[in-house]
Structures are given as structure tokens and as C-alpha cells.
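Work through the exercises below with the sequence and the model open beside you. Try each task on your own before you read its solution.

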Amino acid sequence: MNTVIMAIDHQNNLSTSISHLTLREAQLHQASVIVICCIPTDGGIEGEVMNIECGVDQQDSTHSQPKDPLNCAERTVRAALVPFQRSGVPARGLLCRGEPAAVIVEQATKLSASMIIMGRRHLSPFNRLFKGSISAAVLETASCPVLIDLNEAVNESE
């Protein structure tokens, strides 16, 4: 079975655009979906942190807002899994620590992914120079096709 990776950012609200695009591609290619979210290391251990098998609809959740990056990322991944579960597409989540572009490409290789789907930020020239573009780095280094959803873009002018 083919595997499609949907890479998401733990800091942004998940747009329905990237979920719909990934769902459509997974159904078209009869693929399973791995939702990958990479969280900063902050001097901690890099690598896989958590496998997530069950989605949780945030509208149904009565939990308070998460405060730390791990809980925030877990909540985002669980919400991202819901449309796939409702549509009968096999999907699971994976939280990792490390440099996002490297982790996404590494996991795509490890999982023999047929495609990576991700959004991008509209960075200011300063932030593009300072932070670098994760989507550009993934596009340049991945060994499988990379689909960048421009509708997922978030303006970041700071």
C-alpha cells in the first residue's frame, strides 16, 4: 500500500485545505496517511516521540488549551486524523523532535512514502534568511514527490 505523508506545524491551526488535499490524494492512490508533526528540540532528545492512532475532534473536546509544544502538537495531530478516520482512510500520527525538514525527509524515506504533502509560510525576506524555508528544504532533499499546498500558507511578517 502507498503511504502519503501530511506534514503539519504544531504552531498553526490546521487548515481544511491541506486535509482535503491529502484525503483526496490518499483516496485516489489507495494510500494510507501518516500525519507528521515536528516539535523543536530545545536541547532535548531528537527522534520519534509518540505514535498516535486515534483522532479526536477538537469541537467535541472539553479539555483546556495545551500549554507546552508536545501537548499542542499532539492535539493538532489528533484533530488532523479525524477526516481520514471518518472517510475510512487508514491514518496515524507521528510526533518527532528535531529539525523539521530533516525529520520529514528522514521519515518519508524510512516509511517509503509515495508523496509528502505540506503547506508553506509566506516568510518575510528577513525571516527566510534567518529561519530558512522548511518546505523549500523538503522539496530539495526528498526522494519522493512533494506537493506544497499554497492555500495552507500563513503570513509571517515579523
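Before the first exercise, one term is needed: the axis of a helix is a line fitted to its C-alpha atoms over the stretch in contact, and the angle between two axes, taken between their N-to-C directions, runs from 0 to 180 degrees. Bear in mind throughout that this is a predicted model.

**Exercise 1.** Describe how helix H1 and helix H2 come together, and state which residues make the contact.

*Solution.* Begin by locating the two elements: H1 covers residues 16-28 and H2 covers residues 69-87, and their axes come within 10 Å and cross at roughly 35°. Next, consider the sense of the crossing, which is right-handed where H1 passes H2. Then list the residues of the contact, to which H1 contributes Ser 19, Thr 22, Leu 23 and Gln 27, while H2 contributes Pro 83, Phe 84 and Ser 87. Finally, sort these residues by character, which gives three nonpolar and four polar residues, with no charged residue in the contact of H1 with H2.

**Exercise 2.** Decide whether Pro 40 is buried, partly exposed or exposed, and find what it touches.

*Solution.* First place the residue: Pro 40 sits in the loop that lies between strand S2 (31-39) and strand S3 (47-52). Its relative accessibility is 33%, and because a residue counts as buried only under 20% and as exposed only over 50%, Pro 40 is partly exposed. Now look for its neighbours, leaving aside residues up to four places away in sequence, and you will find that Pro 40 touches His 10 and Arg 97. As a last step, compare sequence with space: Pro 100 is 60 residues away along the chain from Pro 40, and the C-alpha atoms of these two residues are separated by 8.0 Å.

**Exercise 3.** Determine how strand S1 is covered and in which sense, parallel or antiparallel, it pairs with S2.

*Solution.* Start with the cover of S1, residues 2-9, where six of the eight residues are buried, so that the strand is mostly covered. Then turn to the pairing, in which S1 and S2 run in the parallel sense over eight bridges. To see one such pair in the model, select Ile 5, whose bridge partner in S2 is Ile 34.

**Exercise 4.** Set these parts within the whole protein by giving its elements and its share of buried residues.

*Solution.* Count the elements first, which come to five helices and six strands, and then read their order from the N terminus as β-α-β-β-α-β-α-β-α-α-β. Turning to burial, 44% of the 158 residues count as buried.

Methods: Residues numbered from 1 in each chain as written. Predicted model: local features only at pLDDT ≥ 70, side-chain atom pairs only at ≥ 80, totals over all residues. Heavy atoms only, no water. Helix = DSSP H or I, 4+ residues; strand = E, 2+ residues; numbered from the N terminus. Left-handed = near helix turned anticlockwise from the far one by under 90°. Contact = heavy atoms within 4.5 Å. Nonpolar A, V, L, I, M, F, W, Y, C, P; charged D, E, K, R; others polar. Buried < 20%, exposed > 50% of the residue type's maximum accessible area, 1.4 Å probe, protein only. Pairing = 2+ DSSP bridges.
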